[in-house]
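Here is a brisk tour of one protein model. Keep the sequence and the 3D view side by side as you read.

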Amino acid sequence: MNHQSVDVTASNSLLPMVSVVVPVYNGEADLPDLISCLLSQTYPQDRVEYLLVDNKSSDRTLTLLQTAAKVHPITICPLSENQIQSSYAARNTGIRAAIGEVVAFTDADCRPQPQWLESLVKPLINSEVVIVVGEITGLPGKSLLERQAQIQDTLSQKHTLAHPFCAYGQTANLAIRRIALEKVGLFRPYLTTGGDADICWRILNANIGRLEFAPDAIVQHRHRATFQELESQWRRYGRSNRYLHELHGVDLMPRLTPKEYCYRLARWLVKEVPKNSLKAIAGQATLVDLLNTPIALFTAKARYRGQSDAKLPETAKIIEWL
């Protein structure tokens, strides 16, 4: 008898069953890399299922998911959410089909590193922990905006964990005990942004348990490479803030007045540009350092516009239940 195999099997059986839910919309280009990352996970294959939910894609996403389920050794469950065009509705579809006591989330354009799931689940050994937040880092990028976002750690969960209202984790890298979802409900299916904060806050406000950060549970994500993509990202952050203001009373972002805007630009031109130019000559600064303030002003303006233009639809207040 192979005693080592018996011991490994017994050890694996003590680990929680995990259901990884991934919403996918027109993810044809992302799926090969994503599935490669799922195949490389160190968490035991017999203790995890991957529920990949096509959300009304117009490309070959569903076909590719169905093929992947047949040819790969991991458990891939291709699902469809065709009623509501929303990543949160797609996640709800995945949760309903899940069999795991832990539900983990990431996105199709994310790249979970090999120890991601193992590290994300580890804090749940403590029964008081009901939410685990992993870290999000940027994929290597070449453009100016990608390098600037990398330096600023734009995607890092340290920003959401330090939210002045309450800590939360983005669904790009998040795990929740199923029992918590049974008690507070699922995602708001008609919400288009801010649903990750909403569900974390509902769980934490219900005093079911606490949130823990797992810095070694890493997924990588692309930074925005163009100003159009960057504006869209920060306008979405602004809409999220408006929605969370209406749902939870979060403070709105104050408007950057023309006077403040001009002051910061003048300070940049008079003080920062000369200083960083000298550093650049000495090899101690880059173009990213020189343009950091204008980029920050651009994103602040986009976020405020997103917040100002948004209004929470009545349907977005609906919570689905298991």
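## Helix H9 and its neighbours

The buried residues of H9 pack against helix H4 (87–97), strand E6 (129–138), strand E7 (174–177), H8, strand E8 (210–221) and helix H10 (227–248). Helices (H or I, at least four residues) and strands (E, at least two) are DSSP runs, numbered from the N terminus. Buried means under 20% relative accessible area, exposed over 50%, and partly exposed in between, with a 1.4 Å probe and protein chains only. H9 is mostly covered, with 10 of its 11 residues buried. Among them are Trp201, Arg202, Asp196 and Asp198. Hydrophobic names such as Ile199, Ile203 and Leu204 are also on the buried list.

After H9 comes Asn207, and its phi is positive, near 55°.

## How the model was made and read

This is a predicted model: local features need pLDDT of at least 70, side-chain atom pairs count only at pLDDT 80 or more, and totals for chains, interfaces and linings use all residues. Residues are numbered from 1 along each chain as its sequence is written, and side-chain values use heavy atoms, with hydrogens and water left out.

pLDDT is the predictor's confidence in each residue, from 0 to 100. Its mean over the protein is 93, and 96% of the residues reach 70 or more. Residues 3–10 stay under 50, and there the model has one contact beyond four places in sequence. Contact means heavy atoms within 4.5 Å. Where pLDDT is low, the predicted coordinates should not be read in detail.

## Overall build

The protein has 13 helices and eight strands. Its radius of gyration is 21 Å, which agrees with the value near 20 Å for a compact globule of 322 residues. That radius is taken over C-alpha atoms, and the globule rule is 2.2 Å times the number of residues to the power 0.38. The C-alpha atoms fill a box of roughly 75 × 50 × 40 Å, taken along the principal axes.

Buried residues make up 48% of the 322. Take the contacts between residues at least 6 apart in sequence: 81% of them join residues at least 24 apart.

## Two loop residues

Where does Thr193 sit? It is in the loop between helix H8 (178–184) and helix H9 (195–205). Thr193 counts as buried because its relative accessibility is 5%. Leaving out residues up to four places away in sequence, Thr193 touches Tyr88, Arg236, Arg239, Ser240 and Tyr243.

Arg224 lies in the loop between E8 and H10. Its contacts, again without residues up to four places away, are Leu145, Glu146, Leu155, Glu229, Leu230, Gln233 and Arg236. Arg236 thus appears in the contacts of Thr193 and of Arg224. Arg224 and Gly141 are 83 residues apart in sequence, yet 9.0 Å apart in space, C-alpha to C-alpha.

## Positive phi in two other loops

Most residues other than glycine have a negative phi. Asn26 has a positive one, near 45°. Asn26 is found in the loop between strand E1 (18–24) and helix H2 (31–39). It counts as partly exposed because its relative accessibility is 29%.

Lys56 also has a positive phi, near 60°. Its loop runs between strand E2 (48–54) and helix H3 (61–71). At 37% relative accessibility, Lys56 counts as partly exposed.
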